Amino acid sequence: MMAQLPNGLSAFRLACVPILLWLAWGGARDAFLVLFAFGLLSDVLDGILARRLGVESEFGARLDQWGDFALWLTLPLSAWWLWRELVVRELFFVLLALVSMILPTSIAFMKYREVPGYHTWSVKGGAIMMGVAVPLLLLFEVPELFRAAAVFQVVCAMDELGITLLLADCRHDVPSVFHAARLRKDGG
C-alpha cells in the first residue's frame, strides 16, 4: 500500500485537472486555489516519498512528469477565466513561461517520439519559484516574482533543450545539461 502512495499522489494531480478547470469555469477562485495548492503539495511529496520508500520507477517518473505538466497547463486557462485582467496585464510573462514549458517538451517529443522526464535541477527550482510567485500574483497582485520566475523558465528551457540536443536516446532524471554532456562523453 505505501509503495503505491507516490504514484497515487502523481495520479491525484492528473485527477485534479478536470476539477480545477470546472472550478475555474464556475468562478470558484478560493476552491481553485486550495485544490491547486494541494496539487503542488502532492508534487513535492511524491518524489520524496518514492525515494524514502525505495519505490522509484520509470513509470512513477513518467506519471509524475505528466501530473506536473497537466497541473501547470491548467493554470493559464483557469487564470484567464478567474483573473482575466491580471493575465492580460502580465501576458508577455505568461506567454514566456508557457512557451518555455511547451517548446522543450515538444522538441524532445519530435526527436524521441516520447516525452522525457529530465527532472532537471533548474526545472525543480523554477517550479518552486512559480509555486511561490503564482499565489503572490493571483492573491495579492505582486507581479515581480512572477516575472522573474517566467524569465527563469527560459533558463529551464535552455537546459532541457541542451539535454535533448546532446542525448541520442530519451533519458529520464538528467539533472542538467552538464550531466547530459558527461553522459554523451561517456557513451551513455
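**Surface patch, salt bridges and nonpolar cores**

Phe38 is partly exposed, with a relative accessible area of 48% (buried means under 20%, exposed over 50%, and partly exposed in between, with a 1.4 Å probe and protein chains only). The model is a predicted one, so local features need pLDDT of at least 70 and side-chain atom pairs pLDDT 80 or more, while totals for chains, interfaces and linings use all residues. Residues are numbered from 1 along each chain as its sequence is written, and side-chain values use heavy atoms, leaving out hydrogens and water. Phe38 is found in helix α2 (helices are DSSP runs of H or I with at least four residues, strands are E runs of at least two, and both are numbered from the N terminus).

Phe38 also belongs to a nonpolar surface patch of about 580 Å², where its partners are Phe12, Val34, Leu41, Val44, Leu45 and Ile48. Helix α2 gives the most to this patch, supplying six residues. Patch residues have over 30% relative accessible area and no salt bridge, with like charges joined within 9 Å and nonpolar side chains (Val, Leu, Ile, Met, Phe, Trp, Tyr) within 5 Å; the areas come from the Shrake-Rupley method with a 1.4 Å probe, and for residues only the protein chains shown count as cover.

Turning to charged side chains, the structure holds eight salt bridges (a side-chain nitrogen of Lys or Arg within 4 Å of a carboxyl oxygen of Asp or Glu). One of them joins the side chains of Arg13 and Asp43, at 3.8 Å from N to O. Arg13 sits in helix α1 (residues 5–25) and Asp43 in helix α2 (residues 29–53), so this pair ties together parts that are 30 residues apart in sequence. Arg13 counts as buried, at 0% relative accessibility. Both residues of the pair take part in a network of salt bridges that also links Asp46, Asp64 and Asp68.

Arg62 offers a second place to look. Its side chain meets that of Glu58 in a salt bridge of 3.0 Å, N to O. Glu58 and Arg62 are four residues apart in helix α3 (residues 58–82), and about one helical turn separates them. The side chain of Arg62 also forms a salt bridge with Glu114, at 2.4 Å from N to O. Here Arg62 lies in helix α3, whereas Glu114 lies in the loop between α5 (91–112) and α6 (121–140), so the pair ties together parts that are 52 residues apart in sequence. Arg62 is partly exposed, with a relative accessible area of 25%, and Glu114 is partly exposed with a relative accessible area of 25%.

The aromatic side chains come next, with six aromatic pairs in the structure. In one of these pairs, the rings of Phe36 and Trp72 have centres 5.4 Å apart and planes at 85°, so the pair is edge-to-face. Phe36 is in helix α2 and Trp72 in helix α3, so the two rings tie together parts that are 36 residues apart in sequence. Rings of Phe, Tyr and Trp (its six-membered ring) pair if their centres lie within 6.5 Å; planes under 30 degrees apart are stacked, over 60 edge-to-face, and the rest tilted. Phe36 and Trp72 are both buried, and ring pairs link them with Phe32 and Trp83 into a cluster.

The largest nonpolar core has 28 residues, and Phe32, Phe36, Trp83, Met130 and Phe146 have the most contacts inside it. At least two residues of this core come from each of α1, α2, α3, α4 (84–89), α5, α6 and α7. Another core lies apart from it, with eight residues, among them Ala108, Cys170, Val174 and Ala180. A core is a set of buried Ala, Val, Leu, Ile, Met, Phe, Trp, Tyr and Cys residues joined through side-chain atoms within 4.5 Å. Leaving aside neighbours within four places in sequence, Trp83 is in contact (heavy atoms within 4.5 Å) with Arg29, Phe32, Leu33 and Leu138.

Two loop residues complete the picture. Thr120, in the loop between α5 and α6, counts as buried at 0% relative accessibility. Not counting residues up to four places away in sequence, Thr120 touches Asp159, Glu160, Ile163, Val174 and Pro175. Ala168, in the loop between α7 (144–166) and α8 (177–185), is exposed, with a relative accessible area of 64%. With residues up to four places away in sequence set aside, Ala168 touches Lys111 and Tyr112. Ala168 and Tyr112 are 56 residues apart in sequence and 8.3 Å apart in space, C-alpha to C-alpha.
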